[in-house]
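Visitor: Could you walk me through this structure and explain the words people use for it?
Guide: Gladly; let us look together.

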Amino acid sequence: KTKQMEGNKSVGDRWDPEDMIWNTVVSGGHPAFFFSHQQSSHSLPSSSADDGSSQYVLYTVTTAKRQSNTKTTHIAVTSVVDNTTLQLTNPVEGKRDSNPVWLDETTVLFVSNRSGTAQVWQIALRGGEARQITSLPLDVSDIRVRKESETSATLLCCMHVKPGKSPKETTEFDKSEEKRLDKATLYTTLMVRQFDSFNDGKQSHLFAVTLTRTDASNPVAWQHSDSDNVTDLTKLLDTSVIGYDFHQSSGQIAVEVFPVRAAEDKSREAWETNQDIYVAKLLPATQQWDDGQLPDWVCITADNPARDSSPRFSPDGDVIAYRSMARAGYESDKYALKLYNFATKATVAVPLDIDVSVETIRWALSDVIIFSAAEHARLRIYATNASSGVTVPLIRCHSNTAFDISLSRGSEGTSKFKLVFLRSSLTAPHDLWICDDVAVVRLPTSTTSQLSIPLAKTIYESDSDATDIEKTARRLTASNGENYAQRYGLNGAQDYWCEGAVAGQQIHNWFLLPRGFDGDEATAGKKKWPLAVVIHGGPQGCTMDAFHYRWNLQTYASAGYAVLAPNFHGSSSFGQDFTDSIREDWGGKPFVDIMKSVDSVLASHPWIDSAHIAALGGSYGGYMTYWINGQTDRFKCLVSHAGLFDTHHFFFSTEELFFPTWDFAGFPWDKPEVYDKWSPVRYVQNWKTPTLVIHGAKDYRVVDTNAIGAFNALQRRGIPSAFLHFADESHWVAKPMNSVVWHKTVLDWLAKYLH
């Protein structure tokens, strides 16, 4: 049921079985419902049509092409009624269409770099050619739109500008910089650089742009005629916008920003995790802005020195829900769910009755909030009563990374909503799924709401224990074809629990059988299989039941290895205390957890060859492989990607100083003994195991001198080793052909020592 709406290029299955890199990737942030008759009162991209007429879901699809080493992203729309999928846009190879939003029932706006810079484009739902709307001086991102009449609309978007300069002035400044014969930059504050790029002094600001329609009968006749006529809504804040929400009917805006600081305090961004939420009201498009009428921003989170993020307006606009951490300086603290009431100016925390960290937020009713959270290595979707905090699971299985809802009003106080979500698992890439007619019952004698499913207090770990709602879910898309796991011989992942470093406490692992595994041979002792132990990064991360495009466990199972992926102490999704437990203990309990998990799986699966085990991981997982090399020689070989080699050096070379400061409970000049205790460099004299070292030159989180230092040590000690260096990659390997090289090199290294 796939149709193409723009251009004539045919659409087909683009998966190349040679490598999972060439899968079609369904993504694009949050899928957005379309309201066919009535403009939503919710802030985009959530949805709630009073007449229940939501029919379509917008999303993006990315494909990679080997010959050109490019990725191309187009926009698709799927009917929730009959699953008909339309490829709405058709960019040329290597271009990206993204961030689709509904302007009305006939028109979709999106961001595309087709013209050389990222600008706003439009396309009719019925198809046809896309047309460019804006020609702004800078790249735009994160668009929202409010249609105010048949001929007028307000577009919100973000652009990176130099403080105090307009987009046009910023462009002129950039051109003058390019003409300079010297390329020197003088820094007086941190951060000098972040993740994969150097700080150019620009800030992400939120802008308002007025759109006009030249022909009321033409769905793609919207235009922005004056590229200089834009309003910098956050000009007076003098900080960067991280994200925002927009309540269409009231015109209220909530922005998530880095704290507004004096120039001399800008460096604090490197060692503080604080983020704030400001609110203001947007003028209608019919009124002109000037510097004297810029929004009067009010900070609603000034009392919290920790991180506040992800504001979401309630349906009536009276309340903002947002995520909030409690501990300053700790980026992996638990996100609580908080509510700010505009009338009372009071903030309250929703007393959730489960120990999870809130992620995506959507409102269903004025007192029912839908949110996602990771629990036991799954990303689940819950509903909670905003007053009582009573929480019930809606979607328990696998990982559901984005979702949207569409509410319909029923009779006698009843309501139903459609729940669409983006799901993947360890055996299936991302696709859209939907649960139709999820019932919400409003009690006639109470101000509370209840979902019409039983309250569950048990942690469920298998598909057979899906919620009643989840059992009704149906898949909307099949971008990589039907029966993916069966077609490519992917083995199911098993939850494997065993005792770890703490007596009586169980540690979760994922365990996969090797491809070609024969139970009869194993039982008879006729064949042994090698084991690959995959160690996740973070360290406050988790190996999830999700389809990963860099650390996919199926890569190793398909190559003939049994696979064990421990979620050791410090991992997320197993309660905040468990996550916190790695502080000042990087090579302690996590190392013991991994060793005991290996012991346990060897004891319970005697067909695994204990003499042929490899350990591999990235970031903290790469650190752990260096640490393992100094603590044990039980592994046949190791692979370290972007690993920390020297903890002292890491503090002085990374950009986000709050991370080592928290995890090692202080500075290296105040607590050198802690940094020394957990630094792999202190145990190089014990290294014996052959090691493949991998790093990217543009990794500014864990700089590549960590890899060079480790490789120096390996070579000088005469240990078989190799160093794979990517000149154009950062902490991750993202480019298609680089990923091919990465996978081939890693698999060749494992085969050399395990087969």
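Guide: What follows is a short tour of a predicted model.

Visitor: What makes Phe-195 count as buried?
Guide: Buried means under 20% relative accessible area. Phe-195 has 18% relative accessibility, so Phe-195 counts as buried. You will find Phe-195 in the loop between β12 and β13.

Visitor: What is special about the phi of Phe-195?
Guide: Its phi is near 60°, which is a positive value in a residue other than glycine. Most residues other than glycine have a negative phi. Asn-69 also has a positive phi, near 55°. Asn-69 sits in the loop between β3 (56-65) and β4 (70-79).

Visitor: Why is Asn-69 called partly exposed?
Guide: Partly exposed covers the range between under 20%, which is buried, and over 50%, which is exposed. The relative accessible area of Asn-69 is 32%, so Asn-69 is partly exposed.

Visitor: What makes Phe-667 fit for a surface patch?
Guide: Patches are made of residues with over 30% relative accessible area. Phe-667 has 32% relative accessibility, so Phe-667 passes that cut-off. Together with Phe-652 and Trp-669, Phe-667 makes a nonpolar surface patch of about 360 Å². Phe-667 lies in the loop between α9 (658-663) and α10 (672-677).

Visitor: Which peptide bonds are cis, for instance one that ends at Met-191?
Guide: The bond from Leu-190 to Met-191 is cis, with omega near 0°. Met-191 belongs to the loop between α1 and β12. Gly-538 and Pro-539 are also joined by a cis peptide bond, with omega about 0°. Pro-539 is in the loop between β36 (529-535) and α4 (553-557). Most peptide bonds are trans.

Visitor: What makes the largest cavity a cavity, and what lines it?
Guide: A 1.4 Å probe fits inside a cavity but cannot get out. The largest cavity holds about 30 Å³ of space. Its lining includes Tyr-330, Gln-540, Phe-658 and Trp-662. The lining divides into four nonpolar, three polar and two charged residues.

Visitor: How much space is in the second largest pocket, and which residues lie closest to its centre?
Guide: The second largest pocket has a volume of about 1600 Å³. Among its 39 lining residues, Phe-198, Asn-199, Asp-200, Gly-201 and Lys-202 are the closest to its centre. α1 gives the most to this lining, with four residues. By type, the lining of the second largest pocket has 13 nonpolar, 12 polar and 14 charged residues.

Key
Residues are numbered from 1 along each chain as its sequence is written. This is a predicted model: local features need pLDDT of at least 70, side-chain atom pairs count only at pLDDT 80 or more; totals for chains, interfaces and linings use all residues. Side-chain values use heavy atoms; hydrogens and water are left out. Patches are made of residues with over 30% relative accessible area and no salt bridge: like charges are joined within 9 Å, nonpolar side chains (Val, Leu, Ile, Met, Phe, Trp, Tyr) within 5 Å. Accessible areas come from the Shrake-Rupley method with a 1.4 Å probe; for residues, only the protein chains shown count as cover. A salt bridge is a side-chain nitrogen of Lys or Arg within 4 Å of a carboxyl oxygen of Asp or Glu. Helices (H or I, at least four residues) and strands (E, at least two) are DSSP runs, numbered from the N terminus. Buried means under 20% relative accessible area, exposed over 50%, partly exposed in between (1.4 Å probe, protein chains only). On a 1 Å grid over the protein atoms alone, a cavity is a set of points where a 1.4 Å probe fits but cannot get out, and a pocket is an open set with protein on both sides within 12 Å along at least five of seven lines; lining residues have an atom within 4 Å of a point. Grid points are joined across faces, edges and corners, and a volume is the space filled by probe spheres set on the points. Ala, Val, Leu, Ile, Met, Phe, Trp, Tyr, Cys and Pro count as nonpolar, Asp, Glu, Lys and Arg as charged, and the others, Gly among them, as polar.
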